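I opened this one to follow a couple of residues and the sheet around them. Here are my notes, in the order I looked things up.

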Amino acid sequence: ADLIRKRLPQGAALLAAEIDGKLSVVTTTGTTWISGLSAPDWANDAVSIVDGKGGGRPELAVAGARDASRINEVLQRGREYARERMRTTTAGKRTG
């Protein structure tokens with residue numbers, strides 16, 4: 001996550017991995033997106049479909065769940081969440 005933040009300081013990323021059968025998720029958001037895409041909210045929403053939980057700072061968060069078998073669904077939910085928040089944030093900047 002630190003490498004992504006250094007290379008894309010204004011970007012956003014959700015990473016997911018299976019580690020020992022458990023799901024681990026990391027989210028990071030650049031300063032451009034923090035107001036509309038909080039990393040802890042993003043991570044928690046993504047893992048909510050597998051009864052996971054997490055936390056962190058507005059720009060970096062981690063979350064996890066016991067069952068990693070639905071990792072693709074978690075990634076899809078994360079993409080949808082980010083797209084919606086980015087769309088809302090971008091629209092708000094254009095009208096404001």
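The entries below go from the sheet to one strand residue and then to one helix residue.

**Entry 1: the sheet.** I note up front that this is a predicted model. I wanted the strand order before anything else. I found 4 strands in an open sheet, ordered β1-β2-β4-β3, with antiparallel pairing. The edge places go to β1 (12-19) and β3 (53-57); each has a single partner strand, so one side of each has no neighbour in the sheet. I also looked up the turn between neighbouring strands, which is 15° on average, direction ignored.

**Entry 2: β2 and β4.** How many bridges join β2 to β4? I get 6, and the two strands run antiparallel, with β4 covering residues 60-65. I picked T27 to check a partner, and its bridge partner in β4 is A61. Reminder to self: strands in a sheet pair through backbone hydrogen bonds, parallel or antiparallel.

**Entry 3: what lies across the sheet.** Helix α2 (residues 39-47) lies across β1, β2, β3 and β4. Against β2, α2 runs at about 150°.

**Entry 4: T29.** I went to T29, which sits in strand β2 (residues 22-29). Is T29 buried or exposed? Its relative accessibility is 1%, and the cut-off for buried is under 20%, so T29 counts as buried.

Next I asked what the side chain of T29 reaches. I found the backbone oxygen of L37 at 3.4 Å. A polar atom of the T29 side chain also lies 3.2 Å from the backbone oxygen of P58.

Then I pulled the contacts of T29, leaving aside neighbours within four places in sequence: R5, G11, A12, I34, L37, A39, W42, P58 and E59. L37 and P58, whose backbone oxygens I had just noted, are both in that list.

**Entry 5: R85.** L37 turned up again when I moved to R85, which lies in helix α3 (residues 71-95). Leaving aside neighbours within four places in sequence, R85 is in contact with G36 and L37. R85 and L37 are 48 residues apart along the chain, yet their C-alpha atoms are separated by 5.8 Å.

For burial, R85 has a relative accessible area of 30%; that falls between the 20% and 50% cut-offs, so R85 is partly exposed.

**Entry 6: rings.** Which ring does R85 lie over? R85 lies over the face of Y81, at 4.0 Å from the ring centre. I looked for aromatic pairs too, and the count came to 0.

Technical notes: Residues are numbered from 1 along each chain as its sequence is written. This is a predicted model: local features need pLDDT of at least 70, side-chain atom pairs count only at pLDDT 80 or more; totals for chains, interfaces and linings use all residues. Side-chain values use heavy atoms; hydrogens and water are left out. Buried means under 20% relative accessible area, exposed over 50%, partly exposed in between (1.4 Å probe, protein chains only). A polar contact is a pair of N or O atoms within 3.5 Å; within protein, one must be able to donate a hydrogen and the other to accept it, and residues adjacent in sequence count only if both atoms are side-chain atoms. Contact means heavy atoms within 4.5 Å. Two strands pair if DSSP finds at least two bridges between them. Axes are lines fitted to C-alpha atoms, for helices over the stretch in contact, and angles run from 0 to 180 degrees between N-to-C directions. Rings of Phe, Tyr and Trp (its six-membered ring) pair if their centres lie within 6.5 Å; planes under 30 degrees apart count as stacked, over 60 as edge-to-face and the rest as tilted. A charge sits over a ring if NZ of Lys or CZ of Arg is within 6 Å of the ring centre and within 35 degrees of the ring normal.
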